[in-house]
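User: Please take a close look at a single part of this structure and describe it in connected prose, placing it within the whole. I would like the cut-offs stated for each term that you use.

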Amino acid sequence: MAYLIQDGVGGAVLAIRLDLSSVSRVGLTAVEALQRLHRDLHERGIELHLAKVRGRVMDRLAQTNLPQNLAHKPFLSLHEAAGALVPAPKRPRPGP
């Protein structure tokens, strides 16, 4: 992902959503990596969103300022994240 952003794809990317459903534990190194990722993305104008964060992982993240710095609180499901991050299609207005 970092290579894509460095290579210029980041101009078209507005947000990145990480599915953490398979992550049951995070260590200090992983937390620091997430914080660094958030900071780097934020500097490029890209929002980082977390989805399906398990209890132990959320407890560890809550010990940092990462959850408060995210553009949105962690989503409970991928469906919820997709609905919140993808704008609804515009409906054509009825003609005269």
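Analyst: A residue is called buried under 20% relative accessible area, exposed over 50% and partly exposed in between, with a 1.4 Å probe and protein chains only. By that scale K52, at 34% relative accessibility, counts as partly exposed, and this residue, in the loop between β2 and α3, closes the stretch that I describe here, beginning with α2. This is a predicted model, in which local features need pLDDT of at least 70 and side-chain atom pairs count only at pLDDT 80 or more, while totals for chains, interfaces and linings use all residues. Residues are numbered from 1 along each chain as its sequence is written, and side-chain values use heavy atoms, with hydrogens and water left out.

To set the scene, the protein has five helices and two strands, arranged from the N terminus on as α-β-α-β-α-α-α; the helices (H or I, at least four residues) and strands (E, at least two) are DSSP runs, numbered from the N terminus. Of its 96 residues, 27% count as buried. The accessible surface comes to about 7000 Å², with 54% of it belonging to carbon and sulfur atoms, as computed by the Shrake-Rupley method with a 1.4 Å probe, where for residues only the protein chains shown count as cover. If contact means heavy atoms within 4.5 Å, then among the contacts between residues at least 6 apart in sequence, 73% join residues at least 24 apart.

Helix α2 covers residues 28–43, and its 16 residues should span 22 Å at 1.5 Å a residue, which agrees with the 23 Å between its end C-alpha atoms; the expected span is 1.5 Å times one less than the number of residues. Within α2, V31, L34, L37, H38 and L41 are buried. These residues lie on the same side of α2, because they cover an arc of only 120° around the axis, the arc being that of the directions from the helix axis to the C-beta atoms. L28, T29 and E43, on the other side of α2, are exposed.

Just after α2 comes G45, which takes a positive phi of about 80°. I46 then sits in the loop between α2 and β2 (47–51), and with a relative accessible area of 3% this residue is buried. Although I46 and A71 are 25 residues apart in sequence, their C-alpha atoms are 9.8 Å apart in space.

In strand β2, H49 is buried as well, with a relative accessible area of 2%. The side chains of H49 and E47 are joined by a polar contact of 2.9 Å, where a polar contact is a pair of N or O atoms within 3.5 Å; within protein, one atom must be able to donate a hydrogen and the other to accept it, and residues adjacent in sequence count only if both atoms are side-chain atoms. L50, setting aside residues up to four places away in sequence, touches L18, L20, L61, L70, P74 and F75.

L50 is also among the residues with the most contacts inside the largest nonpolar core, together with I16, L18, L41, L48, V53 and L61; this core has 16 residues. A nonpolar core is a set of buried Ala, Val, Leu, Ile, Met, Phe, Trp, Tyr and Cys residues joined through side-chain atoms within 4.5 Å. Two or more residues come from each of β1 (15–19), α2, β2 and α3 (55–62), and α2 gives the most, with four residues. In soluble globular proteins, nonpolar side chains tend to be buried together.

Beyond β2, K52 has a positive phi of about 55° although it is not a glycine. Both K52 and A51 are touched by S77, not counting residues up to four places away in sequence. S77 lies in the loop between α4 (66–69) and α5 (78–85), is partly exposed at 26% relative accessibility, and has a side chain that reaches the backbone nitrogen of E80 at 3.0 Å. K73 is found in the loop between α4 and α5 and counts as exposed at 58% relative accessibility; K73 and L50 are 23 residues apart in sequence, with their C-alpha atoms 7.8 Å apart in space.

A further link to α2 is made by T64, in the loop between α3 and α4, which is in contact with V31 and Q35 when its neighbours within four places in sequence are left aside. The side chain of T64 also reaches the backbone oxygen of L61 at 2.7 Å.
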